[in-house]
Number of protein chains: 2
Amino acid sequence: MKFRRSERLVDMTHYLMNHPRKLVSLTYFSQKYLSAKSSISEDLVIIKETFENQGIGTLQTLPGAAGGVKYIPKVKKEQAEEFANQLCASIADSERLLPGGYLFMTDLLGDSQVLNEVGKHLASAFSDRDIDVIMTVATKGIPIAQAVAHHLNVPFVVVRRDSLVTEGSTVSINYVSGSSKRLQTMSLSKRSLKEGAKVLIVDDFMKAGGTVNGMVNLLAEFNASVAGIAVLVESEFQEERLVEDYVSLIKLSDVDVKGKKINVVKGNFFFGKTEFL
Amino acid sequence: MKFRRSERLVDMTHYLMNHPRKLVSLTYFSQKYLSAKSSISEDLVIIKETFENQGIGTLQTLPGAAGGVKYIPKVKKEQAEEFANQLCASIADSERLLPGGYLFMTDLLGDSQVLNEVGKHLASAFSDRDIDVIMTVATKGIPIAQAVAHHLNVPFVVVRRDSLVTEGSTVSINYVSGSSKRLQTMSLSKRSLKEGAKVLIVDDFMKAGGTVNGMVNLLAEFNASVAGIAVLVESEFQEERLVEDYVSLIKLSDVDVKGKKINVVKGNFFFGKTEFL
């Protein structure tokens, strides 16, 4: 049964959203919907325009026999700023203050709507880069990594501070946590990373950058390379940071425990190389 | 600027997919697209038909002033069986066998496409139930919980075996792991669960059910109730299981370490109360 345009638009939107950055041939859609490639091309023009106008992303079209279409997640700057401002306001809530100046963020790291948006935004800063896999560290990096992985359509691997029997053999390194200067161990299952993999490092929080730097060193053991570094929150740090080239969505500029004030601003996502729609 | 039907269909599909189980008023769409409610209603008929035909889900329409439309994630039985069969074949790979009869599953728990499908399928079995929050246990339950949470549009909370300063005050219980009979501790941040919350327990793997049963007991400490239990893989267990009413997508029926054979079949998701499209 031939599909009508309206049905094709709904199903193609669903398909493209579920397969970011995947090159889909026009033949695939043409066969699925029993429709001419010229009709499919017209559909894609409508989808591309709507995606761009609504801040969903864009479609890249590659011509030729091996060509097709790719959905690339992108965001509009004004929508991203609105989202970041909401997040800042939520993080600045003094109820989040814990003993020692730590912040309670567990609720945000378990909010599926927030995670989806965080993942979409961080992914959009790397959606044009060649990335094979995302790496993060247990436990709190996992939700962010998974959300970014979803929007970049790549797998993610989890570095652990302990090691589990179900991981098989592992590679471990020692590293120095940047702010507390403590010696710690991190390990990754040997099967997790292929040699030469291009890896996006993702974490929920970065201060001195010791943990992220540990992951950079661990990558070297796998002969893998860093394709980028993305964190949800970076914290102001007076000394020299161990990591230079990173993208942060939010920046914690000051935590005043006595005065119960948390100062949060937008991260370098907004002031760097991010390409907006 | 008034939206054309084709643009509305693309944007509404995106919006509904990103907001499962949320009641969206026709007024919201009507104002967003500067279109008459009668046109919006016609759009929704097209989306509903396409969602159902393609195995994406369904739309529930609630009439009246407080009414609107809800996207309910559902799957078709034949598509679900195809997905489960692929998953079974992947899990039955003898390369997964680790010393002690454990299975390496870390790759699947980091595959964003697999996670999205697993989340969608498990969510579809509970999409008509009243659920406030999902609970899982660190570390390996997190990706499954997050994926299910995304498709049910609820937050998730993570029970830990250690306790972190960034969690604030916690409630802990001791429990007996069902198969190894060891005494263990699990704890959950006090702020994580509201009194009376209806909780879907999610985990990656269940054998005797000790960990899941621990979560059930922990819920009682919060005066919260069990709305359901969902696991990706259940393992055959000869003795009486600690947990009775659960949904599993996959069932590990036999692991023969010597013969290097792993026997995996479809879980009770396919033989229970799941409503398919």
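**Two chains of a predicted model**

The accessible surface of chain A comes to about 11900 Å², and 48% of this surface belongs to carbon and sulfur atoms. The model discussed here is a predicted one.

Student: What radius of gyration does chain A have, and what would a compact globule with 277 residues have?

Tutor: A compact globule with 277 residues would have a radius of gyration near 19 Å, and the value for chain A agrees with this. Along the principal axes, the C-alpha atoms of chain A fill a box of roughly 65 × 45 × 30 Å. The radius of gyration of chain A itself is 21 Å.

Student: How many helices and how many strands does chain A have, and what percentage of its residues count as buried?

Tutor: Chain A is built with 7 helices and 10 strands. Among its contacts between residues at least 6 apart in sequence, 63% join residues at least 24 apart. Of the 277 residues of chain A, the part that counts as buried is 57%.

Student: How far apart do the centres of the positive and negative side chains of chain A lie?

Tutor: Chain A carries 33 positive side chains and 32 negative ones, and each of these two sets has a centre. The distance between the two centres is 4 Å.

Student: Which kind of axis relates chain B to chain A?

Tutor: In general, two copies of a chain are related by a rotation about an axis and a shift along it. Here chain B can be laid on chain A by a turn of 180 degrees and a shift of 0.0 Å along the axis, with an RMSD of 0.0 Å. That is the relation of a two-fold axis.

Student: Through which surface do the copies meet?

Tutor: Of the interface residues of chain B, 100% are also interface residues in chain A. The copies therefore meet through the same surface.

Student: Is B:D11 buried or exposed, and which residues is it in contact with?

Tutor: B:D11 has its place in helix α1 of chain B, which covers residues 5–18. A residue counts as buried when its relative accessible area is under 20%, so B:D11, at 2%, is buried. Leaving aside neighbours within four places in sequence, B:D11 is in contact with B:K32 and B:Y33 of chain B, and with A:T50, A:Q54 and A:I56 of chain A.

Student: Where in chain A is the residue A:T139, and what kind of peptide bond leads to it from A:A138?

Tutor: A:T139 lies in the loop between β3 (133–137) and α6 (141–152) of chain A. In chain B, a cis peptide bond joins B:A138 and B:T139, with omega about -5 degrees. For the bond from A:A138 to A:T139, omega is near 0 degrees, and this peptide bond is cis.

Student: What is phi of B:N153, and is B:N153 buried or partly exposed?

Tutor: B:N153 is found in the loop between α6 and β4 (156–159) of chain B. Its phi is near 60 degrees, which is a positive value in a residue other than glycine. With a relative accessible area of 21%, B:N153 is partly exposed.

Student: How far apart in space are B:T274 and B:S6?

Tutor: B:T274 lies in the segment after β10 (261–266) of chain B, and with a relative accessible area of 13% it is buried. Leaving aside neighbours within four places in sequence, B:T274 is in contact with B:S124, B:A125 and B:F269. In sequence B:T274 and B:S6 are 268 residues apart, whereas in space, from C-alpha to C-alpha, the distance is 34 Å.

Definitions and conventions
Residues are numbered from 1 along each chain as its sequence is written. Chains are lettered from A and ligands numbered from 1 in the order in which they are written. This is a predicted model: local features need pLDDT of at least 70, side-chain atom pairs count only at pLDDT 80 or more; totals for chains, interfaces and linings use all residues. Side-chain values use heavy atoms; hydrogens and water are left out. Helices (H or I, at least four residues) and strands (E, at least two) are DSSP runs, numbered from the N terminus. The radius of gyration is taken over C-alpha atoms; the globule rule is 2.2 Å times the number of residues to the power 0.38. Buried means under 20% relative accessible area, exposed over 50%, partly exposed in between (1.4 Å probe, protein chains only). Contact means heavy atoms within 4.5 Å. Accessible areas come from the Shrake-Rupley method with a 1.4 Å probe; for residues, only the protein chains shown count as cover. Lys and Arg count as positive and Asp and Glu as negative; His and the chain ends are not counted. The place of a charge is taken as NZ of Lys, CZ of Arg, CG of Asp or CD of Glu. Copies are superposed by least squares on the C-alpha atoms of residues with pLDDT of at least 70 in both.
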